[in-house]
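Me: I should like a close look at a single part of the structure shown below. Please give one connected account of that part and of what surrounds it.

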Amino acid sequence: MSYQHQYVDGTRIHFPVGKVVCIGRNYAEHAKELDNPVPTEPLLFIKPGSCVVPLESSFSIPVDRGSVHYEAEIAVLIGKPLSPRPSVEEVLDAISGFAPALDLTLRDKQAELKAKGLPWEVAKSFDGAAVIAPFVSNATFADLADISVRLTINGEVRQDGNSSLMLNPIVPMIQYMAGCFSLQAGDVILTGTPAGVGPLNVGDELVLELPGASRFESSVC
Ligand code: ZN
């Protein structure tokens, strides 16, 4: 399934599909639930553009590589290149939109790699590992410290977070990321997952939303 950035009204966003820069353990309650220490500096990793799929009526998950966990996250679309030390205004000006997304993770594999002190790519960057919904415009939220993200599976709310709970809020996070990797139009930031992660199974029915802004239904096939 090929992916192209788009807005919720179906308008295509003509940026290339860049890299997906992710932050781990950005909500204290989530770090705790996986018995991880809260990092003293932001923990970043990258998913390649090749692993991004659109959030449509269904998406597929690997079935032969151990447990696949969902991580519902607020995705931020970058629409302008950022300098290595962007100001707050430059970061705000470079944001093109927001969407809910799933950072899918091969949790058994990740635990095995973590235990050996090895990189996580195999667990985080497989084809289909980033499921991204269409974006709402950057004008949707007056306060970036008050964006909610919610995931409901088979009628039960599993994750219900708000950006006010982030250890690294969105703008300083992007400033930090820009100092580590050049950020280009078409890159996506995944801003970390709140508590409540767990396994996905074929047949699960999902509702993924930025409450008040956008809502999507999908199922796992
Ligand atoms: Zn994540």
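How many residues line the largest cavity, and which of them lie nearest its centre?

Reply: The model is a predicted one, and every value below is computed from it. The lining of the largest cavity consists of 16 residues, and those nearest its centre are Gly24, Arg25, His30, Glu71 and Gln110. The volume of this cavity is about 120 Å³, and the count of cavities of 30 Å³ or more comes to 1. Two elements, β1 and α3 (107-115), give two or more residues each to the lining. The greatest contribution is that of α3, with 3 residues.

Two of the central residues can be followed further, beginning with Arg25. Arg25 is found in the loop between β1 (20-24) and α1 (28-33). Its backbone has a phi near 50 degrees, which is a positive value in a residue other than glycine. Arg25 has a relative accessible area of 17% and is buried, since the limit for that class is under 20%. A second residue with a positive phi, Asp35, offers a contrast. The phi of Asp35 is near 55 degrees, and Asp35 too is a residue other than glycine. Asp35 is placed in the loop between α1 and β2 (43-47). With a relative accessible area of 71%, however, Asp35 is exposed. The two loops thus adjoin α1, one between β1 and α1 and the other between α1 and β2.

The second residue to follow is Glu71, which lies among those nearest the centre of the cavity and is also a donor to the zinc ion. The protein donors of the ion are the OE of Glu71, the OE of Glu73 and the OD of Asp103, at 2.0 to 2.1 Å from it. Along the sequence these donor residues follow the spacing E-x1-E-x29-D. Glu73 belongs to strand β6 (residues 72-78) and Asp103 to strand β7 (residues 95-103), so this pair ties together parts that are 30 residues apart in sequence. Glu73 counts as buried, at 1% relative accessibility. Asp103 likewise counts as buried, at 1% relative accessibility.

The sequence on either side of the donors leads to a small sheet. Strand β5 (residues 68-70) pairs with β8 in the antiparallel sense over 2 bridges, and His69 stands opposite Thr105 in β8. The sheet is an open one of 3 strands in the order β8-β5-β14, with antiparallel pairing. β8 (105-106) and β14 (198-199) are at its edges and have a single partner strand each, so one side of each is left without a neighbour in the sheet.

Strands β6 and β7, which hold Glu73 and Asp103, also meet a helix from a later part of the chain. The buried residues of helix α5 (residues 170-180) are Ile170, Val171, Met173, Ile174, Met177 and Ala178. They cover an arc of only 155 degrees around the axis, and therefore lie on the same side of α5. The general reason for such a pattern is that an α-helix has 3.6 residues a turn, so residues three or four places apart point the same way. The buried residues of α5 pack against β1, β2, β6, α2, β7 and β13 (188-190). This list includes β1, one of the two elements that give two or more residues to the lining of the cavity. It also includes the two strands β6 and β7, in which Glu73 and Asp103 lie.

A pair of residues shows the approach of distant parts of the sequence in this region. Ser87 and Gln175 are 88 residues apart in sequence, yet their C-alpha atoms are 7.5 Å apart in space. Ser87 is in the loop between β6 and α2 (88-94) and is partly exposed, with a relative accessible area of 27%.

In summary, the residues nearest the centre of the cavity include Arg25 and Glu71. Arg25 is a buried residue with a positive phi, while Glu71 is a donor of the zinc ion together with Glu73 and Asp103. The strands of Glu73 and Asp103 are among the elements against which the buried residues of α5 pack.

Methods: Residues are numbered from 1 along each chain as its sequence is written. This is a predicted model: local features need pLDDT of at least 70, side-chain atom pairs count only at pLDDT 80 or more; totals for chains, interfaces and linings use all residues. Side-chain values use heavy atoms; hydrogens and water are left out. Donors are N, O and S atoms within 2.8 Å of the metal (3.2 Å for Na, K and Ca); water is not among the atoms, so sites may look incomplete. Helices (H or I, at least four residues) and strands (E, at least two) are DSSP runs, numbered from the N terminus. Buried means under 20% relative accessible area, exposed over 50%, partly exposed in between (1.4 Å probe, protein chains only). The arc is that of the directions from the helix axis to the C-beta atoms. Contact means heavy atoms within 4.5 Å. On a 1 Å grid over the protein atoms alone, a cavity is a set of points where a 1.4 Å probe fits but cannot get out, and a pocket is an open set with protein on both sides within 12 Å along at least five of seven lines; lining residues have an atom within 4 Å of a point. Grid points are joined across faces, edges and corners, and a volume is the space filled by probe spheres set on the points. Two strands pair if DSSP finds at least two bridges between them.
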